[in-house]
Amino acid sequence: MTAQDGYPVKHDRRAGRGYLRRNVAVILLAAPFAVGAWLLGLGISGLGGVLLIAIGAVILGERQFVRTYRCPECGGPTERPARFWSAEEGERLYFVCHACRIRWDLGLRGSSDAG
C-alpha cells in the first residue's frame with residue numbers, strides 16, 4: 001500500500017497497548033475511591049462523581065495519545081491526520097512521519113460518533 005503523498009504505509013500494532021494500560025490503570029485507581037464514597041454514605045452521587053472523573057480521565061488520555069503519538073522508528077513527532085475529528089465513517093486515519101517518510105496506520109478509522 002502506498003499513500004497519496006508517496007509515503008509507504010506501515011502498521012503499528014503496539015500503539016494501542018499503552019493506551020489500554022493507562023485506561024485500565026485509571027479505572028483500577030478510581031474503583032477504591034468509588035467504594036470509599038459508597039461506604040462513607042455519599043451514595044449514588046459520590047459514586048457517580050468518582051465515575052465521572054474516571055471517564056473524564058480516560059477521554060483526556062485518548063486526546064493526549066492522539067496529540068503526542070511518535071514515530072516508532074525514529075521517535076520523532078508525527079503529523080496527525082488533518083481530518084481526525086471530522087473523518088468520514090470507516091475512513092482510514094494515518095499519522096505521518098516526514099523524517100522517515102512513512103504513514104503509520106494505527107488501525108484507527110473515522111466514526112459517525114466522533115467529534
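Among contacts in the chain between residues at least 6 apart in sequence, 45% join residues at least 24 apart. The model in which these contacts were computed is a predicted one. Its chain contains 2 helices and 3 strands, and these elements follow the pattern β-α-α-β-β when read along the sequence. Of the 115 residues of the chain, 30% count as buried. The accessible surface comes to about 7700 Å², and carbon and sulfur atoms account for 60% of that area.

The interior may be taken next. The largest nonpolar core has 10 residues, namely Ala15, Phe65, Val66, Tyr69, Cys71, Phe95, Cys97, Ile102, Trp104 and Leu106. Helix 2 (43–68), strand 2 (92–97) and strand 3 (102–109) each supply at least two residues of this core. Strand 3 gives the largest share, with 3 residues. A second core, separate from the one just described, is made up of 5 residues, including Ala30, Ala34, Ala37 and Val50.

Two of the elements that supply the largest core also pair with each other. Strand 2 and strand 3 run antiparallel and are joined by 5 bridges. Within this pairing, valine 96 has arginine 103 in strand 3 as its bridge partner. Strand 2 is mostly covered, since 5 of its 6 residues are buried. The two strands form a hairpin with 4 residues between them. Arginine 101 is found in that loop between strand 2 and strand 3. The phi angle of arginine 101 lies near 60 degrees, a positive value in a residue other than glycine.

Cysteine 97, a member of the largest core, offers a route from the hairpin to other parts of the chain. Leaving aside residues up to four places away in sequence, cysteine 97 touches Tyr7, Cys71, Cys74, Thr78, Ile102 and Trp104. Among these neighbours, Cys71, Ile102 and Trp104 belong to the largest core as well.

Threonine 78, another neighbour of cysteine 97, lies in the loop between helix 2 and strand 2. Is this residue buried or exposed? Threonine 78 counts as buried because its relative accessibility is 17%, whereas the cut-off for burial is under 20%. The side chain of threonine 78 reaches the backbone oxygen of tyrosine 69 at 2.8 Å. With residues up to four places away in sequence not counted, threonine 78 touches Tyr69, Arg70, Cys71, Phe95, Val96 and Cys97. Of the residues in that list, Tyr69, Cys71, Phe95 and Cys97 are part of the largest core.

Tyrosine 69 leads in turn to a second loop residue. Aspartate 12 has its place in the loop between strand 1 (9–11) and helix 1 (15–39). Which residue does the side chain of aspartate 12 meet in a polar contact? The partner is tyrosine 69, whose side chain is reached at 2.4 Å. Aspartate 12 counts as buried because its relative accessible area is 6%. Apart from residues up to four places away in sequence, aspartate 12 touches Tyr69, Pro72, Trp104, Asp105 and Leu106. Tyr69, Trp104 and Leu106 are also listed in the largest core.

Tyrosine 69 thus appears in both loop descriptions: the side chain of threonine 78 reaches its backbone oxygen, and the side chain of aspartate 12 makes a polar contact with its side chain.

Key: Residues are numbered from 1 along each chain as its sequence is written. This is a predicted model: local features need pLDDT of at least 70, side-chain atom pairs count only at pLDDT 80 or more; totals for chains, interfaces and linings use all residues. Side-chain values use heavy atoms; hydrogens and water are left out. A nonpolar core is a set of buried Ala, Val, Leu, Ile, Met, Phe, Trp, Tyr and Cys residues joined through side-chain atoms within 4.5 Å. Buried means under 20% relative accessible area, exposed over 50%, partly exposed in between (1.4 Å probe, protein chains only). Contact means heavy atoms within 4.5 Å. Two strands pair if DSSP finds at least two bridges between them. A polar contact is a pair of N or O atoms within 3.5 Å; within protein, one must be able to donate a hydrogen and the other to accept it, and residues adjacent in sequence count only if both atoms are side-chain atoms. Accessible areas come from the Shrake-Rupley method with a 1.4 Å probe; for residues, only the protein chains shown count as cover.
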